[in-house]
Amino acid sequence: MATNAAGRKEETRLALVRRARKMNRILAETYPDAHCELDFGNPLELLVATILSAQCTDKRVNMVTPILFAKYPTVEDYASADRSEMEEIIRSTGFFRAKTTSIIGMAQAVCERYGGEVPGKLKDLVTLPGVGRKTANVVLGNAFDVPGLTVDTHFQRLVRRFGWTDETDPVKIEHVVGELLPRREWTIFSHRVIWHGRRICHARRPACGVCPLATLCPSYGTGPTDPVQAAKLVRSGPFS
């Protein structure tokens, strides 16, 4: 059988779709409680929390947002916020000056263009300061129940390890994966993959020996295959 540039055996399109969907089913069984790990109560709160999550853990964001949400309950409050006060609240999330600029700019744009309501369409969300496709898909999938794939670093690493794609561009990865799975599964699949990446399929030493996807993953053996050694690498949330 022919091999591709990555040295893997070529799969037919049908075989890849079947393998992808089987892997998704196994992840569903492994992580039945998978969900967005950012705390929020409405689309605005999730949008702000997702902006804060850049280069920061969800755990840290969740420590900051109760104070932030209480001080700025409406989009108008964010739009008119004092920069220094907001910066001080979100300082621990890193890049706090840039994030403050994004949050205030986002809020001002929502007030000016969308009547103070966070828009529920991708094409509108990505026009807001600090909001790219990844952030938009998080908000759409979890606050508006509009299916979307969240192509973060875990997602990119895992779908390449799974042999689903060799693409490195997030938008191209999103389209490739979107064609492999039913649209209704996109949001929850994103959570399952992110949970798997945080708990078992780590960047440096994945716990291959205890991975439920081992028999379907062409990257099996990247990490320890001995179950005892692999078990020591498994992590549990919340993540710091």
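Here are four short exercises on this predicted model, each with a worked solution.

Residues are numbered from 1 along each chain as its sequence is written. Local features need pLDDT of at least 70, side-chain atom pairs count only at pLDDT 80 or more, totals for chains, interfaces and linings use all residues, and side-chain values use heavy atoms, with hydrogens and water left out.

**Exercise 1. Two residues, two settings**

Work out whether Tyr-78 is buried or exposed, and then look at Pro-227 in the same way.

Solution. Start by placing Tyr-78: it belongs to helix 4, residues 75-79. Helices here are DSSP runs of H or I with at least four residues, numbered from the N terminus. Next, take the relative accessible area of Tyr-78, which is 1%. Buried means under 20%, exposed over 50% and partly exposed in between, with a 1.4 Å probe and protein chains only. Tyr-78 is therefore buried.

Now list its contacts, meaning heavy atoms within 4.5 Å. Leaving aside neighbours within four places in sequence, Tyr-78 touches Leu-44, Val-48, Leu-68, Phe-69, Tyr-72, Met-86, Ile-103, Ile-104 and Ala-107.

Turn to Pro-227, in helix 12 (residues 227-231). Its relative accessible area is 46%, so Pro-227 is partly exposed. With neighbours within four places again set aside, Pro-227 is in contact with Gly-209 and Val-210.

**Exercise 2. Helix 6 from end to end**

Find how far helix 6 reaches from its first C-alpha to its last, and which of its residues are buried.

Solution. Helix 6 covers residues 96-114, which is 19 residues. The expected span is 1.5 Å times one less than the number of residues, giving 27 Å for helix 6, and the model's 26 Å is close to that. Then mark the buried residues of helix 6: Phe-96, Lys-99, Thr-100, Ser-102, Ile-103, Ile-104, Gly-105, Met-106, Ala-107, Ala-109 and Val-110. Their cover includes helix 2 (43-52), helix 4 and helix 5 (83-90). Finally, step just past the helix, where Gly-115 has a positive phi of about 60 degrees.

**Exercise 3. What packs on helix 8?**

Name the buried residues of helix 8 and the helices they pack against.

Solution. Within residues 133-143, the buried ones are Thr-135, Ala-136, Asn-137, Val-138, Val-139, Leu-140 and Gly-141. These residues pack against helix 2, helix 7 (122-125), helix 10 and helix 11 (186-199). After helix 8 comes Asp-145, with a positive phi near 60 degrees.

**Exercise 4. Helix 9 and its two partners**

Decide how helix 9 lies relative to helix 10 and relative to helix 11.

Solution. Take helix 10 (residues 170-178) to begin with: helix 9 (residues 153-161) packs on it at about 55 degrees, with the axes 11 Å apart. Axes are lines fitted to C-alpha atoms, for helices over the stretch in contact, and angles run from 0 to 180 degrees between N-to-C directions. Angles under 35 degrees count as roughly parallel, over 145 as roughly antiparallel, 65 to 115 as roughly perpendicular and the rest as oblique. Helix 9 is therefore oblique to helix 10. Phe-155, Gln-156, Val-159 and Arg-160 of helix 9 meet Pro-170, Ile-173 and Val-177 of helix 10.

Move on to helix 11: its axis and that of helix 9 come within 9 Å and cross at roughly 85 degrees. The two helices are therefore roughly perpendicular. On the helix 9 side, His-154, Phe-155, Arg-157 and Leu-158 make the contact, and the helix 11 residues include Phe-189, Val-193 and Ile-194.
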